[in-house]
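Biologist: Could you take me through one part of this protein at close range? I would like to start with a pair of packed elements and then see what surrounds them.

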Amino acid sequence: MAGNALTARIGADISELRTEMGKAQGLVQQFGNSVQSMAGTLGVAFGVQQIGSFALELTKLAGQVDGVKQAFDKLQGSAQVLNDLKSATKGTVSEFDLMKAAVQANNFKIPIEQLGSLFNFAYERAKATGQSVDYLVNSIVLGIGRKSPLILDNLGISAVELRDKLKGVSAEAATVGDVARVVGQIASEAMAEMGASATTAAEKMAQIGAKWDDIKAKFGGMIADKVTNGPNGLLNNISNQLTVWQSNQFTFWQKL
């Protein structure tokens, strides 16, 4: 008789576990539908297998953006700095890449107040040479921060010109502040010579690409929030349901 009762209880336990796992599966399906909906909003059509990859890509991007943003927000006047840098690059660089470049520049002790004019120069050079704005923004930060004529050459700034502006001192022997100052001077002179130019097709495409990256980062944040944050997060819900089932089993076996 006791054996039959135990067998019945084990059967009930299995049934209860299946029920809780079914609820968890329902939550996963609900999450998948949410991701599919977000993808539809972005104009992207996905199959079932692609949903997970899409969600993973966006949440990974959101995590990277969140880490960089936390460091960026510590900069004085960070909100205005971001607006200035977006304006300087004419919206052709994503917010994430601008924040990342600004944080790196700050780590190199490059004056933040110079970044707008430096990035604008990088933008104009990219436009004139057909290179990526992202690449030249990164080059001007690394070139100044590492005091590297080789990297600054990407922007058309020669080692001879640098030495002349530094009054015979090599870039390697100068301070980062001095290199930033003379690069700023060279940039101002070059910008005056270049003058205004019309918007190009490449520039328009870069603006679209930057906006797309910004949108993906925002959607990634929404997905991450749905999965992990708060009492209604997907992972918390699944964990809570399985914890309740486990607790019920522990109580039962203690009574035996």
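Biologist: Within what distance do the axes of helix 5 and helix 9 come, and at what angle do they cross?

Modeller: Happy to, with the reminder that this is a predicted model. The axes of helix 5 and helix 9 come within 10 Å, and the crossing is at roughly 45°. That angle makes helix 5 oblique to helix 9, since oblique covers the angles left over once those under 35 degrees, over 145 degrees and from 65 to 115 degrees are set aside. The crossing in which helix 5 passes helix 9 is left-handed. On the helix 5 side, the contact is made by Leu-118, Asn-120, Phe-121, Glu-124 and Arg-125. Helix 9 answers with Val-183, Gly-184, Ala-187, Ala-190, Met-191 and Met-194.

Now for the wider setting. The protein chain has eleven helices and zero strands, so in sequence order the pattern is simply α repeated, α-α-α-α-α-α-α-α-α-α-α. Of the 256 residues in the protein chain, 38% are buried. Among the contacts with a separation of 6 or more, 68% are between residues 24 or more positions apart. The protein chain exposes about 14400 Å², and 56% of that area is supplied by carbon and sulfur atoms.

Let us stay with helix 5, which runs over residues 115–129, and begin at Leu-115. Leu-115 is found in this helix and counts as buried, because its relative accessibility of 1% falls under the 20% cut-off. Apart from neighbours within four places in sequence, Leu-115 is in contact with Leu-85, Ala-102, Ala-105 and Ile-110. For another distance to check in your viewer, take Leu-115 and Ile-140: they are 25 residues apart in sequence, with their C-alpha atoms 9.6 Å apart in space.

Further along helix 5 comes Lys-127, which forms a salt bridge with Glu-203, the closest N and O atoms being 3.3 Å apart. Lys-127 lies in helix 5 and Glu-203 in helix 10 (residues 201–228), so this pair ties together parts that are 76 residues apart in sequence. The two partners fall into separate classes of exposure: Glu-203 is buried, with a relative accessible area of 8%, whereas Lys-127 is partly exposed at 21%. The value for Lys-127 is worth reading with the cut-off in mind, because buried means under 20%.

Helix 9, the other member of the crossing, has a salt bridge too. The side chains of Glu-189 and Lys-165 meet with an N to O distance of 2.6 Å. This pair links distant parts of the chain, with Glu-189 in helix 9 (residues 176–194) and Lys-165 in helix 8 (residues 159–165), 24 residues apart. Both partners are partly exposed, Glu-189 with a relative accessible area of 38% and Lys-165 with 23%.

Then there are the loops leading into the two helices. Lys-109 sits in the loop between helix 4 and helix 5, and its phi is positive, about 70°, although it is not a glycine. With 65% relative accessibility, Lys-109 counts as exposed. In the loop between helix 8 and helix 9 you will find Lys-167, again a residue that is not a glycine but has a positive phi, here about 60°. Lys-167 counts as exposed at 75% relative accessibility, because the exposed class begins over 50%.

One step back along the chain brings us to helix 4 (residues 95–107), which holds both Lys-100 and Asp-97, three residues apart, about one turn of the helix. These two form a salt bridge, their closest N and O atoms being 3.5 Å apart. Lys-100 is partly exposed at 38% relative accessible area, and so is Asp-97 at 21%. The salt bridges described here are among the six found in a search of the whole structure.

To put the picture together: helix 5 and helix 9 cross at roughly 45°, Lys-127 of helix 5 pairs with Glu-203 of helix 10, and Glu-189 of helix 9 pairs with Lys-165 of helix 8.

How values were computed: Residues numbered from 1 in each chain as written. Predicted model: local features only at pLDDT ≥ 70, side-chain atom pairs only at ≥ 80, totals over all residues. Heavy atoms only, no water. Helix = DSSP H or I, 4+ residues; strand = E, 2+ residues; numbered from the N terminus. Buried < 20%, exposed > 50% of the residue type's maximum accessible area, 1.4 Å probe, protein only. Contact = heavy atoms within 4.5 Å. Areas by Shrake-Rupley, 256 points an atom, 1.4 Å probe, with all protein chains shown as cover. Salt bridge = Lys/Arg side-chain N within 4 Å of Asp/Glu carboxyl O. Axes fitted to C-alpha atoms, helices over the stretch in contact; angles between N-to-C directions. Left-handed = near helix turned anticlockwise from the far one by under 90°.
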